[in-house]
Amino acid sequence: MNVAAGLARDGAGAGHQCSTAMDRSLHERIAALDTELLRETFADQGAFLFLDTFLAPDITARLVDAVRRVDGEVNRNYLPGHKQGGSVSRHTIDRLAPVIAELYRSPALIRWLEALCGDRLMACPDTDPHAYALYFYTKPGDHIGWHYDTSYYNGRRYTLLLGVVDESSCKLEYRLHTREPGIPVVEAAVQLPPGALVFFDGDKLHHRITPLGANERRVSLTFEYVTDPSMGRFQRFVSNMKDAIAYFGFRQVFRQWHGKRTRT
């Protein structure tokens, strides 16, 4: 059976059972989309899709409330020449804004994403602080330079980027087909208004966020899904060090691993 076609029927069909109000809202939203056309667009663009309107206003409002709940827990960092801004990891989100975890695990959302990419997607392990995270751009110059969302897992890792707060001139600039020989590179830029969606294969999309201007504010939410949740020891070490230095801080990243070892 074609994986994408089968999952499209399972995830968007009339018989799909929705377990929560949020999942029902997503199911209704997705049912109104032409998933087959979007799947083709995703493939034609080298595993990339942008929708300027995706989330229903009620879900977006709950995410804005989640931002307020974690505002005092933002970990700011600065990497000269590459990155400046703030981050809140899934561990803090679980404690203060669990609505985000509910959205991350929505069956309607995951099955629709599977229909787009043709892969069976799994949640990242509980120890991964990047599984879902909020990114705060609140001071002039906050940005992140050109990069790929490199997967350290033994499989592909897909990124879902959702707009939550956008009172800024920041843009997501991206380059398609940079790792596809013989296909011309396509460069473009988009803004992410609240409720907007970007979905892509992290190892394929070259992208950055342009610097924040004065008296501006931007907050985005990312979800990471994998095709294989296993990871080698060296890759885990590299991933943890990157997360500790560039995003969430050593205490947040390694406290979770210490807790895991203590329980086992």
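User: Which residue follows α7, and what is its phi?

Analyst: In this predicted model, α7 is followed by G118, and the phi of G118 is positive, near 80°.

User: How many residues of α7 are buried, and which are they?

Analyst: Burial is read from relative accessible area, with buried meaning under 20%. On that basis α7 is mostly covered, with nine of its 11 residues buried. These are A108, L109, I110, W112, L113, E114, A115, L116 and C117.

User: How is the packing of two helices described?

Analyst: Two numbers are used, the angle between the helix axes and the distance between those axes. Here α2, residues 21–31, packs with α7 at an angle of about 35°, and the axes are 8 Å apart. On the α2 side the contact is made by D23, L26, H27 and I30, and on the α7 side by P107, A108, L109 and W112. By class, the residues of this contact are six nonpolar, one polar and one charged.

User: What does the largest nonpolar core contain, and which helix gives the most to it?

Analyst: A nonpolar core is a set of buried residues of the nonpolar kinds, joined through side-chain atoms within 4.5 Å. The largest one here has 50 residues, and those with the most contacts inside it are F54, I100, L109, W112, L134, F199 and F223. Helix α7, residues 107–117, gives the most to this core, with seven residues.

User: Where is the second core, and what does L134 touch?

Analyst: The second core is separate, has 18 residues and includes L161, L176, V198 and I209. Leaving aside residues up to four places away in sequence, L134 touches V67, V70, G86, S87, V88, I93, I100, V219, S220 and L221.

Definitions and conventions: Residues are numbered from 1 along each chain as its sequence is written. This is a predicted model: local features need pLDDT of at least 70, side-chain atom pairs count only at pLDDT 80 or more; totals for chains, interfaces and linings use all residues. Side-chain values use heavy atoms; hydrogens and water are left out. Buried means under 20% relative accessible area, exposed over 50%, partly exposed in between (1.4 Å probe, protein chains only). Helices (H or I, at least four residues) and strands (E, at least two) are DSSP runs, numbered from the N terminus. Contact means heavy atoms within 4.5 Å. Axes are lines fitted to C-alpha atoms, for helices over the stretch in contact, and angles run from 0 to 180 degrees between N-to-C directions. Ala, Val, Leu, Ile, Met, Phe, Trp, Tyr, Cys and Pro count as nonpolar, Asp, Glu, Lys and Arg as charged, and the others, Gly among them, as polar.
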